Amino acid sequence: MTLARRLTALVSLVAVAALTACTSAKPVPTASAAASVEVPSTPVGERLTWVLDLFEAENDTTAGEWARVLDENFQKQVPAEQVAEMVNRQIRPAAPFTVTAYTGTETQARATVAGALGDPFDLTLAIDSAGRITTMLLSPVAPAWEPSTSLDEVERRLRELPGEVSALVQRGDETVISLDADRSAPLASVFKLYVLLATAEAVASGEVSWGDTLVLADTDRSLPSGELQDAPAGTEVSVRDAASAMIRISDNTATDLLIARLGRERVEAAVARSGHADPAALTPFPSTKEIFTLGWGDPALRAEWQAADEAGGRAVLDRIAAAPLAVEGEAVTTSQWQNGFDWFASAADVAAVHHALQRTQDAEVLGILSENPGQGLDVKTWPYVAFKGGSSRGVLTGSWFVRDDAGDATVVLLMADTDVAAVSEAMPSFFHLAEDALRLTH
């Protein structure tokens, strides 16, 4: 059986498992001619590396190895024994493997993989907040992206994306694309730009310094993405390192440590000063642990929050903040943004906070924003790239502030749908259209 036929067999086995989180990749001829790319150390990137290590291990993989990492709903449809048998019989003979292209967020990714035998293939992976696999799909390499030839085409293709889509593309002071740019939308991790702005303002006022120490307690732990949630209690991290982790790898626990150090009222003030059109949409300002608890935790607590006024809402958040996280990552399986459990702003608001961050002229802030330029962007085209993206169930967001000798450009894309799979499937187009917009504004 050829590798392509093996892949088709595995598609029929695994594609039913749940989310299909596709990202873009270009085909390569053979493993021998393939150039490898680095898989990022995001939660899904580390899980994808783990999967490839099993594909290449000296001994056959076992059902027990897969059972420990496959989501319960996945295993109800595709038992771990079947996955292990299929991998051992039809995938492992093509080892070793080389990753030749990769695109993804913190929890969803697609890699193009070239084996020693047969054609390359795409490995699509999605994980939950506990790092368990909710989707594993092997398929023939997706067709190469056909770049947009004009900004009008970019806008047309943005309109074809599923769900609610907002977009704003600016070159300097000129708006070149505006698609529902003033509509409030869920941000996922893009909200962390407001926490960074509040941190910068606290440093500028002398109330906080970049070298101040934050100490992790058990009550501080949130769910991934990130790494700090797995560190032992008492771990120390500087404000600067926490801010870096918040933006670079979207570390939720680092974000919450910063919010606790600053106080949510200071973050709310930064939201207002950034130019957000409706600061009340982020008042009171919840941490990531608080959103996980409200959105996927005790329904009685959720009802209390939804019925509360601002003072009552603050009291609910303070109770959550004082207690350890009571939500398991496996529970975060459905979209909750439509019920108000996210952070909300418009594309225009996100562009405004990017500009506010640039106006701080703080070298630490500008450096932190540029540590992760996002997947697939040609950083040689733009000498400076500030990026923050995000993803959660049914939500995908991306924001870029870039600069070259001729000036700056800003691209903000926000997409949300209660159909979680539809958002995952649209991820490659979403990021390609951002790249097209940046290229066409250069």
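**Note on a predicted model: one cavity, one sheet and a buried helix**

1. The count comes to one cavity of 30 Å³ or more. The structure is a predicted model, and the points below should be read as a description of that model. The volume of the largest cavity is about 400 Å³. Its lining comprises 26 residues, and those closest to the centre are Ser129, Phe292, Ser391, Ser392 and Arg393.

2. Two elements, helix H11 and strand S11, each give two or more residues to the lining of this cavity. H11 gives the most, with four residues. By residue class, the lining divides into 11 nonpolar, 11 polar and four charged residues.

3. Helix H11 spans residues 288-296 and is mostly covered, nine of its nine residues being buried. The buried residues are Thr288, Lys289, Glu290, Ile291, Phe292, Thr293, Leu294, Gly295 and Trp296. Lys289 and Glu290 are thus listed as buried together with Ile291 and Phe292. Phe292 is also among the residues closest to the centre of the largest cavity.

4. Which helices do the buried residues of H11 pack against? They are helix H7 (192-205), helix H9 (252-262), helix H10 (264-274), helix H12 (299-307) and helix H13 (310-321).

5. Two of these partners, H12 and H13, also meet each other. Their axes come within 8 Å and cross at roughly 150°. On the H12 side the contact involves Leu301, Glu304 and Trp305, which meet Gly313, Val316, Leu317, Arg319 and Ile320 of H13. The residues of this contact divide into five nonpolar, one polar and two charged. In an α-helix there are 3.6 residues a turn, so residues three or four places apart point the same way.

6. The second element of the cavity lining, S11, belongs to a sheet. Five strands form this open sheet in the order S6-S5-S13-S12-S11, with antiparallel pairing. Strand S6 (174-179) and strand S11 (384-392) are the edge strands, each pairing on one side only. On average, neighbouring strands of the sheet are turned by 5° against each other, direction ignored.

7. S11 and S12 run antiparallel and are joined by nine bridges. Across this pair, Phe387 stands opposite Trp400 in S12. The two strands form a hairpin with two residues between them, and Gly394 in the turn has a positive phi of about 80°.

8. Strand S12 (residues 395-404) is in turn joined to strand S13 (residues 407-416) by 10 bridges, and these strands also run antiparallel. Thr397 stands opposite Leu414 in S13, and Arg403 has Asp408 of S13 as its bridge partner. The connection from S12 to S13 is again a hairpin, made through two residues.

9. Why is S12 described as largely enclosed by the rest of the structure? Nine of its 10 residues are buried, so the strand is largely enclosed. In the order of the sheet, S12 stands between S13 and S11.

10. A helix also lies across part of the sheet. Helix H6 (residues 151-159) lies across strand S5 (164-171), S6 and S13. H6 runs at about 25° to S6, which is one of the edge strands.

Methods. Residues numbered from 1 in each chain as written. Predicted model: local features only at pLDDT ≥ 70, side-chain atom pairs only at ≥ 80, totals over all residues. Heavy atoms only, no water. Buried < 20%, exposed > 50% of the residue type's maximum accessible area, 1.4 Å probe, protein only. Contact = heavy atoms within 4.5 Å. Pairing = 2+ DSSP bridges. Axes fitted to C-alpha atoms, helices over the stretch in contact; angles between N-to-C directions. 1 Å grid on protein atoms, 1.4 Å probe; cavity = no way out; pocket = protein on both sides within 12 Å on 5 of 7 lines; lining within 4 Å. Points joined across faces, edges and corners; volume = space filled by probe spheres on them. Nonpolar A, V, L, I, M, F, W, Y, C, P; charged D, E, K, R; others polar.
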